[in-house]
Amino acid sequence: MDERLLAAYLATDYRVRLARGGWASIRIGRPLPAALAALTGARPWGFITAWNPASSPLPRQQNRQAQRALLAALRELPDIAAILAGIGTGAGWREASLFVSGPGAAALDALAHRFGQHAYVHAPDARAPARLRRMDNLIDVFGQSPG
């Protein structure tokens, strides 16, 4: 992952659709918003997508098929407590995503690799700051890009 791509991930607004309407925004380096923290509690959580593997744009239909496969794979995990629709938004782009409560980093790492993602967002519980989990070296980034 180059510095430009890392900067884009860190600047992204990771939005989660709330059950009663509206959105909650997750930002790298900050704890979950209250609405999501109440849902997650002490469980680990993640924000993951199957869209645009390797950050290469694909046709909408292919992205939707991959996202459905990701959703099915998440539903098969034994520790899933909740799955909510989300969307990652940045400068001129949007990707459908999923917010999940329950699975830890090992399960999400496997899915990120399976669906060709450079990274995903996660934390071990609602109080911990959101971190970007890089798949190229399996490290967590908590805030601004080095440089």
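This is a short chat about the strands, helices and aromatic pairs of a predicted model.

Visitor: What kind of model is this?
Guide: The structure is a predicted model.

Visitor: OK, the sheet. How many strands form it, and in what order?
Guide: There are eight strands, in the order β2-β1-β4-β5-β3-β6-β7-β8. The sheet is open, and its pairing is antiparallel.

Visitor: Which strands stand at the edges?
Guide: Those are β2 (23-26) and β8 (139-141). Each has a single partner strand, so one side of each is left without a neighbour in the sheet.

Visitor: And how are neighbouring strands turned against each other?
Guide: By 30° on average, with direction ignored.

Visitor: What holds strands together in a sheet, in general?
Guide: Strands pair through backbone hydrogen bonds, in either a parallel or an antiparallel way.

Visitor: Let's take β1. How many bridges pair β1 with β2?
Guide: Four bridges, in the antiparallel sense. Val 16, for example, has Ala 24 in β2 as its bridge partner.

Visitor: What sits between β1 and β2?
Guide: Five residues, and the two strands form a hairpin. In the turn, Gly 21 has a positive phi of about 100°.

Visitor: How many bridges are there between β1 and β4?
Guide: Four, and that pairing is antiparallel. Arg 15 has Ile 87 in β4 as its bridge partner.

Visitor: Now β3 and β6. How do they pair?
Guide: Strand β3 (residues 45-48) pairs with strand β6 (residues 119-123) in the antiparallel sense, over three bridges. Trp 45 stands opposite Ala 123 in β6.

Visitor: Which strands does α3 touch?
Guide: α3 packs on the sheet and touches β3, β4 (82-90) and β5 (93-101). The direction of α3 makes about 10° with that of β5.

Visitor: And where does helix α1 lie?
Guide: Helix α1 (residues 3-11) lies across β1 (13-17), β6, β7 (131-134) and β8. It runs at about 145° to β7.

Visitor: Back to α3. At what angle does it cross α4?
Guide: The axes of helix α3 (residues 60-76) and helix α4 (residues 105-114) cross at roughly 155° and come within 11 Å. That makes α3 roughly antiparallel to α4, because angles over 145 degrees count that way. The crossing is right-handed.

Visitor: Which residues meet there?
Guide: From α3, Leu 70, Ala 73 and Leu 74; from α4, Leu 108, Leu 111 and Arg 114. By class, the contact has five nonpolar, no polar and one charged residues.

Visitor: New topic. How many aromatic pairs are there?
Guide: The count comes to two aromatic pairs. One of them is Tyr 14 with Phe 47, at 5.3 Å centre to centre and 75° between the planes.

Visitor: Is that pair stacked or edge-to-face?
Guide: Edge-to-face.

Visitor: What does the pair tie together?
Guide: Tyr 14 lies in strand β1 and Phe 47 in strand β3, so the pair ties together parts that are 33 residues apart in sequence.

Methods. Residues are numbered from 1 along each chain as its sequence is written. This is a predicted model: local features need pLDDT of at least 70, side-chain atom pairs count only at pLDDT 80 or more; totals for chains, interfaces and linings use all residues. Side-chain values use heavy atoms; hydrogens and water are left out. Axes are lines fitted to C-alpha atoms, for helices over the stretch in contact, and angles run from 0 to 180 degrees between N-to-C directions. Angles under 35 degrees count as roughly parallel, over 145 as roughly antiparallel, 65 to 115 as roughly perpendicular and the rest as oblique. A crossing is left-handed if the near helix is turned anticlockwise from the far one by less than a right angle, and right-handed if clockwise. Contact means heavy atoms within 4.5 Å. Ala, Val, Leu, Ile, Met, Phe, Trp, Tyr, Cys and Pro count as nonpolar, Asp, Glu, Lys and Arg as charged, and the others, Gly among them, as polar. Two strands pair if DSSP finds at least two bridges between them. Rings of Phe, Tyr and Trp (its six-membered ring) pair if their centres lie within 6.5 Å; planes under 30 degrees apart count as stacked, over 60 as edge-to-face and the rest as tilted.
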